[in-house]
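Visitor: I am new to this structure. Please take me through one part of it closely, the sheet and what packs around it.

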Amino acid sequence: MSDCIFCKIANGEIQAQIIYQDEDLVAFKDLNPQAPSHILIIPVKHIENLAGAQEQDALLLGKIQLAAAKIAKELGLKDFRLVANNGKGAGQSVFHLHYHLMGGRRFLWPAG
Ligand code: 5GP
Ligand code: ZN
């Protein structure tokens with residue numbers, strides 16, 4: 001999508017601190033980190049959010065989760081949190097599917 005900032009990060013139009021990239025997904029540092037390690041993992045394909053994903057995206061979604069675990073390991077994170085905000089009411093502000101991979105601090109559960 002032409003006016004989507006995460007599509008622009010995926011295609012290199014907007015710079016980001018990319019830590020992993022392949023043909024399916026991109027992982028980069030969040031601009032406004034909420035934890036010592038805060039990485040966003042996005043599919044290259046524009047999908048609005050998890051509710052907008054379809055059956056044919058199953059492999060892609062699986063790849064993102066496996067990439068999250070791998071990246072966490074590479075960052076030395078034994079414990080981490082993986083979050084996808086779905087919809088404005090849940091805190092989604094960028095409407096290109098992304099997973100927040102966060103670690104390096106304690107997280108409360110239930111979350112606030
Ligand atoms: P959401 O609120 O949609 O779940 O998460 C969007 C995230 O994207 C926020 O944590 C925000 O800090 C991050 N973000 C927004 N714009 C940019 C950007 O241009 N570059 C990077 N690296 N992160 C961004
Ligand atoms: Zn997009």
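Guide: Here is the sheet, followed by the helix across it and one pair of rings. This is a predicted model, where local features need pLDDT of at least 70, side-chain atom pairs count only at pLDDT 80 or more, and totals for chains, interfaces and linings use all residues. Residues are numbered from 1 along each chain as its sequence is written, chains are lettered from A and ligands numbered from 1 in the order in which they are written, and side-chain values use heavy atoms, without hydrogens and water.

The open sheet has 5 strands, ordered β1-β2-β3-β5-β4, with antiparallel pairing. Helices (H or I, at least four residues) and strands (E, at least two) are DSSP runs, numbered from the N terminus. Two strands pair if DSSP finds at least two bridges between them. At the edges stand β1 (18–21) and β4 (80–83); each has a single partner strand, so one side of each lacks a neighbour in the sheet.

Look at β2 (residues 25–29). It is joined by 5 bridges to β3 (residues 37–43), and the two run antiparallel. Phenylalanine 28 has leucine 40 in β3 as its bridge partner.

Phenylalanine 28 also forms an aromatic pair with phenylalanine 6. The pair is edge-to-face, 5.4 Å centre to centre with 80° between the planes (ring centres of Phe, Tyr or Trp, its six-membered ring, within 6.5 Å; planes under 30 degrees apart are stacked, over 60 edge-to-face, the rest tilted). Phenylalanine 6 lies in helix α1 (residues 5–10) and phenylalanine 28 in β2, so the pair ties together parts 22 residues apart in sequence. Both phenylalanine 6 and phenylalanine 28 are buried (under 20% relative accessible area; exposed is over 50%, partly exposed in between; 1.4 Å probe, protein chains only).
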